[in-house]
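User: Could you take a close look at one part of this model for me, the nonpolar core and the charged groups that go with it? I would enjoy one connected walk through it.

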Amino acid sequence: HALLTWASDRGIKPGPVRLTPPEAPLRGVVATCPLSRGDTLFVVPLDAAITLSHAISRFGDLLPEGGATDEGSAIYILALELARHCEANPTDPWVQSLPAEPQTPLGWPSGGALDALMMSETCRSLLDRQREGLEKAVAPEGVWAKA
């Protein structure tokens with residue numbers, strides 16, 4: 001698998017996980033054994049990571065005065081850096097492994113799986129925070145408006 005070779009070449013070491021097969025309906029990793037909170041899933045050397053400080057060094061001028069003071073600003077600055085990296089490195093195996101379409105519940109139609117997720121207070125809270133962050137980012141004074 002090209003992604004595993006690419007990761008290994010950069011010193012990325014997987015823990016007790018494996019990749020889902022390419023033909024699987026969803027992409028990601030699955031645990032190979034029971035996990036506990038705090039277990040390490042991957043060890044990623046700093047020079048192989050996309051970090052908030054790296055993203056801010058590139059896109060910090062898009063942030064409101066005071067910097068990435070809220071989770072929403074940090075997420076969208078990281079998203080900009082991710083998009084920049086993907087555009088600059090389209091043949092990287094990890095870029096090739098990304099889904100062609102975003103797979104987030106924010107874009108799901110009402111009913112079915114979305115309604116089931118919304119029954120969970122934790123999921124509902126996470127989706128509300130994502131939605132609020134997205135609304136802030138696309139607002140006239142938001143991060144996307146300045147990009």
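Analyst: Happy to; here is a walk from the whole chain to the core, and then on to the charged side chains.

A word on the ground rules: this is a predicted model, in which local features need pLDDT of at least 70 and side-chain atom pairs count only at pLDDT 80 or more, while totals for chains, interfaces and linings use all residues. Residues are numbered from 1 along each chain as its sequence is written, and side-chain values use heavy atoms, with hydrogens and water left out.

The protein chain holds 7 helices and 4 strands, taken as DSSP runs numbered from the N terminus (helices H or I, at least four residues; strands E, at least two). Along the sequence the pattern reads α-β-β-β-β-α-α-α-α-α-α. Of its 147 residues, 20% count as buried; buried means under 20% relative accessible area, exposed over 50%, and partly exposed in between, with a 1.4 Å probe and protein chains only.

Now to the core itself. The largest nonpolar core is made of 7 residues: Leu3, Trp6, Ala7, Ile12, Cys86, Trp94 and Val95. Such a core is a set of buried Ala, Val, Leu, Ile, Met, Phe, Trp, Tyr and Cys residues joined through side-chain atoms within 4.5 Å. Two elements, helix 1 (2–9) and helix 4 (93–96), give two or more residues to this core, and helix 1 gives the most, with 3. A second, separate core of 5 residues includes Ala55, Phe59, Leu62 and Leu80.

Trp94 is a good place to pause. Apart from neighbours within four places in sequence, Trp94 is in contact with Leu3, Trp6, Ile50, Leu82, His85 and Cys86, where contact means heavy atoms within 4.5 Å. With Trp6, Trp94 forms a tilted aromatic pair, 6.3 Å centre to centre and 45° between the planes. The rule behind this takes rings of Phe, Tyr and Trp (its six-membered ring) with centres within 6.5 Å, calling planes under 30 degrees apart stacked, over 60 edge-to-face and the rest tilted. Trp6 lies in helix 1 and Trp94 in helix 4, so the pair ties together parts that are 88 residues apart in sequence. Trp6 counts as buried because its relative accessibility is 12%, and Trp94 does so at 16%.

Trp6 also leads us to a charged residue. Asp92, in the loop between helix 3 (71–88) and helix 4, is in contact with Trp6 and His85, leaving aside neighbours within four places in sequence. Asp92 is buried yet has no salt bridge; Arg10, the nearest side chain of opposite charge, is 4.8 Å away. Here Lys and Arg count as positive and Asp and Glu as negative, with His and the chain ends not counted, and a salt bridge needs a side-chain nitrogen of Lys or Arg within 4 Å of a carboxyl oxygen of Asp or Glu.

Where, then, are salt bridges found? A search of the whole structure finds 2, and Arg58, Glu81 and Arg84 are linked in a network of them. Glu81 pairs with Arg58, the closest N and O atoms being 2.9 Å apart; this links helix 3 to helix 2 (residues 52–59), 23 residues apart. Glu81 also pairs with Arg84, at 2.8 Å between the closest N and O atoms. Glu81 and Arg84 are 3 residues apart in helix 3, so about one helical turn separates them. Glu81 counts as buried at 2% relative accessibility, whereas Arg58 is partly exposed at 39% and Arg84 is partly exposed at 25%.
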